[in-house]
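Q: I am new to this structure and would love a close look at one part of it. Could you start with a single helix, follow what comes after, and then show how other parts come together?

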Amino acid sequence: MRLSAYLLPTLKENPAEAQIVSHRLMLRAGMIRQHAAGIYTWLPLGLRVLRRIEQIVREEQDAAGAQEILMPTIQSADLWRESGRYEDYGKEMLRITDRHDRAMLYGPTHEEVVTDIFRQNVKSYRDLPRMLYQIHWKFRDEVRPRFGVMRGREFLMKDNYSFDLDHAGARRAYHRMFIAYLRTFARMGVKAIPMRADAGPIGGDMSHEFIILAATGESGVFCHRALVDKPVPEKVDYTADLQPLVDEWTALYAATDEKHDPQSEQVKALGDTLIAARGIEVGHIFHFGRKYSDPMKAVVAGPDGEPVTVEMGSYGIGVSRLVGAIIEASHDEAGIIWPESVAPFAVGLINLKTGDALTEATCQNLYDRLQRAGVDVLYDDRPDRAGAKFAAMDLIGLPWQVIVGPKGLEHGRVEVKNRATGAREDLSPEAVVDRLRSR
């Protein structure tokens, strides 16, 4: 993509309304623009990041045996009355009435809808277990939306729902998602620590939050030092017993501010192995048993022909929230530093002197060859000053920069810069493609 033809409205100054790093940088980098309080338009650069995160989430959900569906954003209030949550949920639910005076709502979550889908279509224990997920927009009318996409009213979320015949099956589903979440966040280049959590209004008796460690995180967290460096499983057999693997992670201490007790004997025994950090919640998994299947009569015929009420779980990932969380965990004074797996483009190609014949020809050749090699390139072909181009590329945080100018070309060289480390290499134009293709 040529930057001269790309919608990238970058800003030099920090917007006054942005209170945290990710919000400031997303606005300055031209990723989003506010439409209303807590509601944003995603511009081309931001949408590319959002889609890359979404795809990693989708691939890991599929690998764990979940099946993707798409449920409606507007839901019938009758289902929520059936589950008993309609009056209990609170003002965060946006309640509306259609032209026939039927009570509807903009979905803040989808337990009721997916339970209704299940009970209509699954009738026998032979059809279990099942995991159904979607990646979809939700709306929660926060009383005070702030921090950009970190706490907006409209947000993109992955929500997965499991259905099992008994508690043992539900635990197996929970363990599959526990491991899938570890792998998902690791693929995005961030470290997420699982921490035991309260179930809140979702309900349930088994729950973990997944917290990205970030110096600018929204809350305090405490964990065993070994969790920070603990390797995430590279290959997983999801049909195997994952309890021992989950136990490896949950045996080590990890707690949010709300659950941390510095006076407990467990914490005192940790000594120097306990670290205090800041963190951002990006995922939450729940097992809630029959909280919804009982009132909504989600039953199947068991092996003896008798009806069995299914056990359920819910597993959420804040997809749009992750964009902000990754920035909070990976930035410097100059701007964003994208991990390669979620970067909007892999390479920023900078033409230091537009109009110079050799520079133009070299840039065009590199642009064409990199694209043919499957490398996503954003080519800054604008007639701007070199300093402005460098600042823009550092701001948007692409992992690699290829800098082409007349002085380097006099010696048959172009410069390749790694955004994260600042390391620079002088390479021939011919070597650049091989260098970036094999990164």
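A: Here is a tour of one helix, the strands that follow, and some other spots to visit afterwards.

This is a predicted model, where local features need pLDDT of at least 70, side-chain atom pairs count only at pLDDT 80 or more, and totals for chains, interfaces and linings use all residues. Residues are numbered from 1 along each chain as its sequence is written, and side-chain values use heavy atoms, with hydrogens and water left out.

Our starting point is helix H11, residues 386-396. Helices (H or I, at least four residues) and strands (E, at least two) are DSSP runs numbered from the N terminus. Six residues to find in H11 are Lys389, Ala392, Met393, Asp394, Leu395 and Ile396, each of them buried (under 20% relative accessible area; exposed is over 50%, partly exposed in between, with a 1.4 Å probe and protein chains only). A useful thing to keep in mind while you turn the helix: an α-helix has 3.6 residues a turn, so residues three or four places apart point the same way. Just after H11 you come to Gly397, which takes a positive phi of about 75°.

Move along the chain and you meet strand S21, residues 400-404. Its neighbour is strand S22, and the two run antiparallel, joined by four bridges (strands pair if DSSP finds at least two bridges between them). To see one of those contacts, look at Trp400, whose bridge partner in S22 is Asn418.

S22 itself, residues 414-418, deserves a pause: it is largely enclosed by the rest of the structure, because four of its five residues are buried. S22 also has strand S23 (residues 424-427) as a partner, again in the antiparallel sense and over four bridges. Here Lys417 stands opposite Arg424 of S23. Between S22 and S23 the hairpin has five residues, and Gly422 there takes a positive phi near 80°. So S22 is a good place to rest your eye, since it is the strand with four of five residues buried, with S21 as one antiparallel partner and S23 as another.

Another helix worth a visit is H4, residues 111-121. Eight of its 11 residues are buried, so H4 is largely enclosed by the rest of the structure. Going along H4, the buried residues are Glu111, Glu112, Val113, Val114, Thr115, Asp116, Phe118 and Arg119. Charged side chains are on that list as well as hydrophobic ones: look for Glu111, Glu112, Asp116 and Arg119, then for Val113, Val114 and Phe118.

Now for the aromatic rings. Rings of Phe, Tyr and Trp (its six-membered ring) pair if their centres lie within 6.5 Å, with planes under 30 degrees apart stacked, over 60 edge-to-face and the rest tilted. The count comes to 11 aromatic pairs. One of them is Tyr6 with Phe345: the ring centres are 5.7 Å apart and the planes stand at 75°, so the pair is edge-to-face. Tyr6 lies in the segment before helix H1 (21-28), while Phe345 sits in the loop between strand S18 (335-336) and strand S19 (347-351), so the pair ties together parts that are 339 residues apart in sequence. Both partners are tucked away: Tyr6 counts as buried at 13% relative accessibility, and Phe345 is buried at 3%.

A second pair to find is Tyr181 with Phe210, which is tilted, at 5.2 Å centre to centre and 55° between the planes. Tyr181 belongs to helix H5 (residues 167-187) and Phe210 to strand S10 (residues 206-213), so this pair links distant parts of the chain, 29 residues apart. Tyr181 and Phe210 are buried too. They also belong to one aromatic cluster, together with Phe178 and Phe185.

Two cysteines round off the tour. Cys223 is buried, at a relative accessible area of 1%, and Cys363 is buried as well, at 0%.
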